[in-house]
Amino acid sequence: MVKIICGAKGKGKTKEMLTLAAQAVKDVDGSVVYIDKSDQHMYELNNQIRLIDISEYPVKSSDSFLGFVSGLLAGNHDIEMVFIDSLLKLSALTASEIATIIDKLDALSTDVEFVVSISANKDDLPDSVQDKIVFSC
């Protein structure tokens with residue numbers, strides 16, 4: 001399952017993600033992973049959450065991003081939730097590719113829940129992902 005948090009830049013998406021991640025640690029039995037573009041939020045996250053600074057890896061396209069996430073899941077079967085902050089930046093996506101990558105993440109999510117933030121207004125997202133939006137600011 002993929003859940004989307006969307007809204008314009010600076011409207012509180014990351015704060016909502018951090019809150020949901022903190023709650024996830026209490027609610028899930030497995031591991032929680034938070035993928036971000038830096039380690040800026042390291043001290044805001046519970047120490048049981050694995051923060052991955054994607055800038056430390058050679059992820060420069062949407063395909064390499066999906067490969068990175070696939071490898072992460074293949075290497076740890078205990079992962080139950082993955083938070084991806086700023087999906088468009090992390091995966092080098094264009095707005096036209098949003099539906100495609102959400103579909104591919106959904107295909108990977110048989111045992112994992114993804115929560116992604118997208119810096120775009122709800123109305124600007126494709127119709128095919130509208131039912132996955134859980135928070136819009």
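Which residue's side chain meets that of Lys132 in a salt bridge? Asp106 is the partner, with 3.2 Å between N and O. Keep that pair in mind, because we'll come back to it once the sheet and helices are in place. One thing to know up front: this is a predicted model.

## The sheet

Start with the strands. Six of them form an open sheet, and the order across it is 3-2-4-5-1-6, with parallel pairing. Strand 3 and strand 6 (133-136) sit at the edges, so to speak: each of these two pairs on one side only. Neighbouring strands are turned by 15° against each other on average, if you ignore direction.

Now zoom in on strand 2 (31-36). On one side, strand 2 pairs with strand 3 in the parallel sense over five bridges. Here Val32 has Ile49 of strand 3 as its bridge partner, and Asp36 stands opposite Asp53, also in strand 3. Strand 2 is joined to strand 4 by five bridges too, and these strands run parallel. In that pairing, Ile35 is matched with Ile84 of strand 4. Strand 2 is mostly covered, with five of its six residues buried.

## Helix 1 and its two faces

Helix 1 covers residues 13-27, which makes 15 residues. From the first C-alpha to the last it reaches 21 Å, close to the 21 Å expected at 1.5 Å a residue.

Which residues of helix 1 are buried? They are Lys13, Met17, Leu18, Ala21, Ala24 and Val25. Looking down the axis of helix 1, you'd find these buried residues within an arc of 135°, so they line one face of the helix. There's a handy rule behind patterns like this: an α-helix has 3.6 residues a turn, so residues three or four places apart point the same way.

What does the buried side pack against? The buried residues of helix 1 pack against strand 1 (2-7), strand 2, strand 3 (49-53), strand 4 (79-84) and strand 5 (113-119). Turn helix 1 around, and the face pointing away from its buried side carries the exposed residues Lys15, Lys26 and Asp27.

## Helix 4 on the sheet

The sheet of six strands in the order 3-2-4-5-1-6 has another helix to look at. Helix 4 (residues 98-108) packs on the sheet and touches strand 1, strand 4 and strand 5. The direction of helix 4 makes about 165° with that of strand 5.

## Three salt bridges

How many salt bridges does the model have? The count comes to three. One of them joins the side chains of Lys3 and Glu113, at 3.0 Å from N to O. Lys3 belongs to strand 1 and Glu113 to strand 5, so the pair ties together parts that are 110 residues apart in sequence. Lys3 is partly exposed, with a relative accessible area of 25%.

Asp36, the strand 2 residue opposite Asp53, forms a salt bridge with Lys37, and the closest N and O atoms are 3.8 Å apart. Asp36 is buried, at a relative accessible area of 1%, while Lys37 is partly exposed at 37%.

That brings us back to Lys132 and Asp106, whose side chains meet in a salt bridge. This pair links distant parts of the chain: Lys132 is in the loop between strand 5 and strand 6, Asp106 is in helix 4, and they are 26 residues apart. Lys132 counts as buried at 15% relative accessibility, and Asp106 is partly exposed, with a relative accessible area of 29%.

Note on methods: Residues numbered from 1 in each chain as written. Predicted model: local features only at pLDDT ≥ 70, side-chain atom pairs only at ≥ 80, totals over all residues. Heavy atoms only, no water. Helix = DSSP H or I, 4+ residues; strand = E, 2+ residues; numbered from the N terminus. Expected span 1.5 Å × (residues − 1). Buried < 20%, exposed > 50% of the residue type's maximum accessible area, 1.4 Å probe, protein only. Arc of directions from axis to C-beta. Contact = heavy atoms within 4.5 Å. Pairing = 2+ DSSP bridges. Axes fitted to C-alpha atoms, helices over the stretch in contact; angles between N-to-C directions. Salt bridge = Lys/Arg side-chain N within 4 Å of Asp/Glu carboxyl O.
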